[in-house]
Every structure is written in C-alpha cells, then in structure tokens.
Amino acid sequence: MAAYFPDDASGSPHTALLGSQFVSFDEATQTATMRFTVKREMCTWRGGVQGGLIAGYLDDVMGYAFVAATGGEMAPLNLEISMTLIRLIPEGATVIGKGRVVKAGRRVVFLEGELLAEDGTVYARSTSTAIPTPRPSPTETGMS
C-alpha cells in the first residue's frame, strides 16, 4: 500500500460496515477517491441509504483525504459536518466518493466531499471543519 493509506486502515470496523474501498489519492489536488458498495443494512424501507449513514460515507472519504495528505500521520477530528442530500442512493449501488482537503492548518482543517453514481450523477455533497490530530492506531485505541 502507499504511504498515504495506512496498512491497518482496511481493518477498521467502520470500513467493513460501510463497504469502503480506497481507490486513489491525487497529491496535486489533495483528493482521495473511494468506492463504497451499498449494503442492505444501510437502507431504509424507501430502498435507499439512511441519511445519517450517508454522512458516514462522506466522513470516511473526507477523512481519508486528510490522512493521505499527511502521509498517514494525522487524522481529522470533526467539529462540524454539513451535507446536502441530492438524491436517493439505492441499495446495491456502487458509490464513488471524492474527498478533498480544501485547507489544512495547524489548528483547523477544511474538507469537502461528494458521493457520485458510477455515471457521475451526484448523490450528496458535504463540507467539514475539523481539528488535526495524530492518527490513532488500533493498538492505542484497544481495537486491535
């Protein structure tokens, strides 16, 4: 794996829940790309992903953008996330997530994210304000 995608990242419990797959990181634009497979457990009776869980997808891809931008050394701790739900994300869909570091300082990080269908149709957009923190390891948190 690349230095910006930590070896232990794919073993995180939330990664399994969300069906997350890291795809790439573009250093020039500070943009991470991820792929999510929508599981039935993420959906409501409407047949689409529950809104709060959409925030989880967006949080994941925005967070990995910052982790990648810092070479795996830092992780964002969210202070605020704002999202706009544009259309229903259907059960079974493959969702492409794009997360970008807008600006990162020593005390605050600004991130943005977008979830897209494979054909480029926009499902949701978000912004986040976070504080940069050292990225915890599974051993440090007792989750290993």
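Begin by selecting phenylalanine 22, which is buried, with a relative accessible area of 16%; buried here means under 20% relative accessible area, exposed means over 50%, and partly exposed covers what lies in between, with a 1.4 Å probe and protein chains only. The model is predicted, so local features need a pLDDT of at least 70 and side-chain atom pairs count only at pLDDT 80 or more, while totals for chains, interfaces and linings use all residues. Residues are numbered from 1 along each chain as its sequence is written, and side-chain values use heavy atoms, with hydrogens and water left out.

Keep phenylalanine 22 selected and add tyrosine 64, which is buried as well, with a relative accessible area of 9%. The count of aromatic pairs comes to 2, where rings of Phe, Tyr and Trp (its six-membered ring) pair if their centres lie within 6.5 Å, and planes under 30 degrees apart count as stacked, over 60 as edge-to-face and the rest as tilted. Phenylalanine 22 and tyrosine 64 form an edge-to-face pair, at 6.5 Å centre to centre and with 65 degrees between the planes. Because phenylalanine 22 lies in strand S1 and tyrosine 64 in helix H2 (residues 51-69), the pair ties together parts that are 42 residues apart in sequence; helices (H or I, at least four residues) and strands (E, at least two) are DSSP runs, numbered from the N terminus.

Next, select phenylalanine 36 and tyrosine 57, whose rings form a tilted pair, 4.8 Å centre to centre and with 50 degrees between the planes. Here phenylalanine 36 belongs to strand S2 and tyrosine 57 to helix H2, so this pair ties together parts that are 21 residues apart in sequence. Phenylalanine 36 counts as buried at 0% relative accessibility, and tyrosine 57 also counts as buried at 0%.

Now show the whole of S2, of whose 7 residues 5 are buried, so that the strand is largely enclosed by the rest of the structure. S1 and S2 run antiparallel and are joined by 6 bridges, and two strands are said to pair if DSSP finds at least two bridges between them. Within this pairing, phenylalanine 22 stands opposite methionine 34 in S2. S2 is also joined to strand S4 (residues 94-104) by 7 bridges, and these two strands run antiparallel.

Which residue of S4 does threonine 33 stand opposite? Select threonine 33 in strand S2, and lysine 98 in S4 will be found opposite. Threonine 33 counts as buried at 10% relative accessibility. Leaving aside its neighbours within four places in sequence, threonine 33 is in contact (heavy atoms within 4.5 Å) with Phe22, Val23, Ser24, Ile96, Gly97 and Lys98.

Move to the loop between strand S1 (20-26) and strand S2 (31-37), and select glutamine 30 there. Most residues other than glycine have a negative phi, whereas glutamine 30 has a positive phi of about 55 degrees although it is not a glycine. The hairpin of S1 and S2 to which this residue belongs has 4 residues between the strands. Glutamine 30 is partly exposed, with a relative accessible area of 25%.

Zoom out to the open sheet of 6 strands, whose order is S1-S2-S4-S5-S6-S3, with antiparallel pairing. S1 and strand S3 (74-85) stand at the edges with a single partner strand each, so one side of each is left without a neighbour in the sheet. The twist averages 25 degrees from one strand to the next. H2 packs on this sheet, touching S1, S2, S3, S4, strand S5 (109-116) and strand S6 (122-134), and its direction makes about 140 degrees with that of S3; axes are lines fitted to C-alpha atoms, for helices over the stretch in contact, and angles run from 0 to 180 degrees between N-to-C directions.

Finally, display the full chain, which has 3 helices and 6 strands, running α-β-β-α-β-β-β-β-α from the N terminus on. Buried residues make up 39% of its 144 residues. Among contacts between residues at least 6 apart in sequence, 62% join residues at least 24 apart.
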